[in-house]
Amino acid sequence: MTGSVVICWVRRDLRLADNPALRAAAATGAPVVALFIHDEVVEALGAAPKWRLGLGVAAFATALQAVGSRLILRRGPALTVLRTVVAETGAREVHWGRLYDPSAKARDVAVKAALTADGVAVTSHPGHLLHEPWTVGTGAGGFYRVYTPYWNAVRGRPVPAPLPAPALVAPAVWPASDDLDGWRMGAAMQRGAAVVARHVRVGEAAAAARLADFVAGPVQDYRTARDFPALAATSGLSENLTYGEISPRTVWHAGWRAMQEGRAGAEHFLKELVWREFAYHLLHHTPEIASRNWKPAWDDFPWQGNSAQAEAWRRGRTGVALVDAAMRQMYVTGTMHNRARRVAASYLTTHLLTDWRIGQRWFEECLIDWDPAANAMGWQWVAGSGPDAAPYFRVFNPDGQAEKFDTLAAYRQRFVAELSTTPGSDALAYFDAVPRAWGLRPGDPYPAPVVALAEGRARALAAYGARGAGLGAISSDTGPADRGAAGSGRLQDEPLDPGAETGRT
């Protein structure tokens with residue numbers, strides 16, 4: 001097959017509207033071959049993100065078919081596949097949307113250099129963020145390390161209006177395509193996929209409906225209601241933003257309109273969207289945040305590795321109800337409310353003194369809205385090793401958090417069957433979702449705490465104090481209130497909120 005074909009390499013931009021890479025490819029006037037590659041980066045994804053990505057790919061393929069186009073599927077190393085499809089189609093141009101995590105960036109740099117050497121024009125495009133990370137800088141020419149100044153720098157910046165879906169010209173002959181089912185992208189989810197599938201909302205149309213529903217109602221009370229995990233007070237859009245089923249520009253403009261219309265929580269909703277931007281800002285400028293302590297003073301902190309206590313945390317069997325409810329929500333729905341997420345993460349890193357990377361990797365395995373930037377920034381903030389405007393460490397009290405934000409125990413009872421004489425469907429679904437090898441049954445007694453909260457808190461404070469002033473001062477949440485409890489819920493609870501410096505409680 002030869003001719004003036006343009007390839008659009010589809011990655012985390014599974015949408016037709018406001019897709020700059022797809023629109024640029026279409027603007028050439030040449031037939032467009034949209035190509036998704038199950039490559040080394042996709043292969044490395046955790047079980048839940050890979051399964052959810054597969055659902056998104058299927059939905060996008062259907063959307064392309066509806067407008068007379070197709071999504072070509074190939075598996076293998078990205079460069080090898082692209083060279084093969086270029087040779088098959090005679091394409092002289094390749095377009096893609098930019099990604100910012102270290103593995104994707106390394107891949108893209110290598111692919112672009114090789115294809116350019118082959119004589120193929122390669123163009124990368126924005127679209128995954130509101131602002132490219134290198135375009136936002138301090139007056140001194142550096143990058144922002146604190147959220148509030150970052151927000152102040154971008155809040156008044158123009159955000160281009162979303163682009164309409166382009167008209168796509170089909171090639172005379174389509175390249176061969178793999179069978180998506182043959183890839184078995186959900187294999188590692190095992191029986192958990194059937195449980196989580198009840199809660200996902202996949203594809204561009206579902207994302208648009210989710211946004212419309214949110215700005216029509218819950219955004220009004222978003223600032224306060226998002227902190228209560230039993231309430232349906234968040235947008236749920238993190239799942240769709242992660243896979244590019246909706247663009248951040250579309251979300252921004254909807255939130256901005258709501259703010260102009262006087263919706264009380266809309267500005268805070270925009271701030272939470274910018275938290276996502278800030279996470280990518282940091283990931284771009286300090287890629288080590290994804291795998292190493294952002295603050296080098298923490299490099300010799302005596303974190304515990306894997307242990308029986310960490311395994312109890314993974315299984316939602318710590319004996320601390322709010323922590324266990326959070327972990328079980330993740331197995332049942334694929335997501336976790338941000339308030340509960342912070343408590344669960346804090347419990348692992350403080351009361352159990354477990355290395356934050358163990359929790360980070362487990363969330364990467366289990367969250368359908370897993371985001372490389374937000375996950376890394378959130379875990380490091382909770383652990384104390386990451387970005388934070390105020391130089392102190394926080395020890396969250398799970399029982400105090402439950403008293404304040406789940407007063408009637410509705411969230412805990414929804415997901416922890418052992419806390420109710422007549423557990424509901426979500427509580428029971430946990431036992432259907434987790435591995436059979438765990439040997440858990442609804443009739444099992446609820447476990448005693450793996451560590452008493454007072455004992456865990458004292459142990460954590462002693463460990464931090466022994467390290468000296470290099471770690472910063474310490475703040476202990478001994479009761480229901482905590483400073484900096486800002487963004488729980490976010491765009492459906494995607495990242496932990498490192499926002500203490502904003503004073504949003």
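**A buried arginine, a short helix and two unusual backbone angles**

The backbone oxygen of Ala17 sits 3.2 Å from a polar atom of the Arg15 side chain. Keep in mind that this is a predicted model. Arg15 is a good place to start looking around: it lies in the loop between β1 and α1, and it is buried yet has no salt bridge.

**Around Arg15**
- The nearest side chain of opposite charge belongs to Asp18, 5.0 Å away from Arg15. A salt bridge needs a distance within 4 Å, so Asp18 doesn't make one with Arg15 at 5.0 Å.
- Backbone oxygens do come within reach: besides Ala17, Gly244 has its backbone oxygen 2.9 Å from a polar atom of the Arg15 side chain.
- Leaving out residues up to four places away in sequence, Arg15 touches Pro20, Leu22, Phe60, Gly127, Glu204, Gly244, Glu245, Ile246 and Ser247.

**Helix α1**
- Helix α1 covers residues 20-27, and its buried residues are Pro20, Ala21, Leu22, Ala25 and Ala26.
- Those buried residues are covered by elements including the strands β1 (6-10), β2 (32-38), β4 (93-97) and β5 (121-125), plus helix α12 (248-260).
- Just after α1 comes Gly29, with a positive phi of about 85°.

**Positive phi without glycine**
- Arg184 isn't a glycine, but takes a positive phi of about 50°. You'll find Arg184 in the loop between α7 (180-183) and α8 (192-196), and it counts as exposed because its relative accessibility is 59%.
- Leu353, not a glycine either, also has a positive phi of about 50°. Leu353 is in the loop between α16 (338-351) and α17 (356-366), and is buried, with a relative accessible area of 8%.

Key
Residues are numbered from 1 along each chain as its sequence is written. This is a predicted model: local features need pLDDT of at least 70, side-chain atom pairs count only at pLDDT 80 or more; totals for chains, interfaces and linings use all residues. Side-chain values use heavy atoms; hydrogens and water are left out. Buried means under 20% relative accessible area, exposed over 50%, partly exposed in between (1.4 Å probe, protein chains only). Helices (H or I, at least four residues) and strands (E, at least two) are DSSP runs, numbered from the N terminus. Contact means heavy atoms within 4.5 Å. Lys and Arg count as positive and Asp and Glu as negative; His and the chain ends are not counted. A polar contact is a pair of N or O atoms within 3.5 Å; within protein, one must be able to donate a hydrogen and the other to accept it, and residues adjacent in sequence count only if both atoms are side-chain atoms.
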